[in-house]
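Biologist: I have a new model open on my screen and would love some company while I look through it. Could you walk me through it?

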Amino acid sequence: MARLHEFADMAALTAALAERVAWRLRDDLAQHEQVVLAVSGGKSPVPLFDALSAQSLVWSRVAVTLADERWVPPDHPDSNEALVRTHLLKDRAATALMVPFWNGDAVPETAAPALSRVLDALPHPFSEVILGMGEDGHIASLFPGAPELAAGLSTRASALAVNPTLAPHARLSLSLHALLNTRDIVLLITGEAKRRVYERALGQGSEEELPVRAILRQNGVPVSVFWAP
Ligand SMILES: O=C(O)[C@H](O)[C@@H](O)[C@H](O)[C@H](O)COP(=O)(O)O
């Protein structure tokens with residue numbers, strides 16, 4: 001069951017969420033030598049990344065990885081790795097370890113097995129998975145209508161290639177199984193349109209129609225929805 005946290009604006013949301021994620025990482029660092037934070041790309045998390053990079057914690061023991069990657073090199077403007085390196089792995093967080101998805105292969109299909117092995121070797125469960133959501137209800141790169149969606153929702157492999165029908169770029173995404181191997185999930189959404197999608201996802205319908213339902217309907221991992229207009 002998801003818990004909704006509503007804020008008056010993005011500034012208030014960002015401040016509260018940065019404190020919360022930092023608290024969780026510190027708490028886990030007190031008990032584990034290395035902890036893992038998995039983050040989504042896209043526009044929504046940029047202010048959060050900036051705020052998080054100013055948080056004081058032992059970042060050298062934090063591995064930062066992705067929920068998904070657009071299959072473009074890190075010097076491409078759409079690269080999620082570049083977004084994370086630019087906005088999160090700086091200031092106090094500059095010493096965090098980046099675990100990228102991109103390996104230079106021509107297509108993500110050939111990269112998925114090796115990435116799954118890299119991800120499986122990281123400490124589990126992850127400390128936190130921070131997800132965004134598209135207006136089509138996708139999370140990570142689990143897109144409605146993608147030929148790989150059913151596999152993404154059911155495979156035990158950690159990573160899979162996805163070829164969205166509408167969104168740009170082939171992708172490499174964590175599977176639902178990997179997204180749920182965490183102590184906590186944050187779903188960060190902004191604006192009225194995504195709020196309506198979220199409300200709709202709480203109602204009846206399939207996970208294939210709105211993949212975000214797959215995390216809202218499970219009870220194994222707490223999900224906190226952070227929303228601002
Ligand atoms: O790389 C990506 O595209 C994502 O990780 C994706 O799942 C993103 O979180 C949503 O599309 C929301 O994106 P915005 O925040 O840009 O709306």
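Biologist: How many helices and strands are there in the protein chain?

Modeller: Happy to help, and please keep in mind that this is a predicted model. The protein chain contains both kinds of element, with eight helices and, for the strands, a count of 10.

Biologist: Why is the chain as compact as a globular protein of that length?

Modeller: For 229 residues the globule rule gives 17 Å. The chain comes close to that value, so it is as compact as a globular protein of that length, with a radius of gyration of 16 Å.

Biologist: Which strands stand at the edges of the open sheet of three strands?

Modeller: The order in this sheet is S4-S8-S7, and the pairing is antiparallel. An edge strand here has a single partner strand, so one side is left without a neighbour in the sheet. That description fits S4 (68-70) and S7 (159-162).

Biologist: What is the bridge partner of Arg70 in S8?

Modeller: S4 and S8 (residues 171-174) run antiparallel and are joined by three bridges. In one bridge, Arg70 is paired with a residue of S8, namely Arg171.

Biologist: Which helix lies across S7 and S8?

Modeller: Look for a helix covering residues 108-120. Its direction is at about 160° to S7, and its name is H4.

Biologist: Last one: which residues come nearest to the ligand?

Modeller: There are 15 residues around the ligand. By class, this shell has four nonpolar, three charged and eight polar residues. Those that come nearest are Ser40, Gly41, Gly42, Ser44 and Gly132.

Terms used. Residues numbered from 1 in each chain as written. Predicted model: local features only at pLDDT ≥ 70, side-chain atom pairs only at ≥ 80, totals over all residues. Near = placed C-beta within 6 Å. Nonpolar A, V, L, I, M, F, W, Y, C, P; charged D, E, K, R; others polar. Helix = DSSP H or I, 4+ residues; strand = E, 2+ residues; numbered from the N terminus. Rg over C-alpha atoms; globule rule 2.2 N^0.38 Å. Pairing = 2+ DSSP bridges. Contact = placed C-beta atoms within 7 Å. Axes fitted to C-alpha atoms, helices over the stretch in contact; angles between N-to-C directions.
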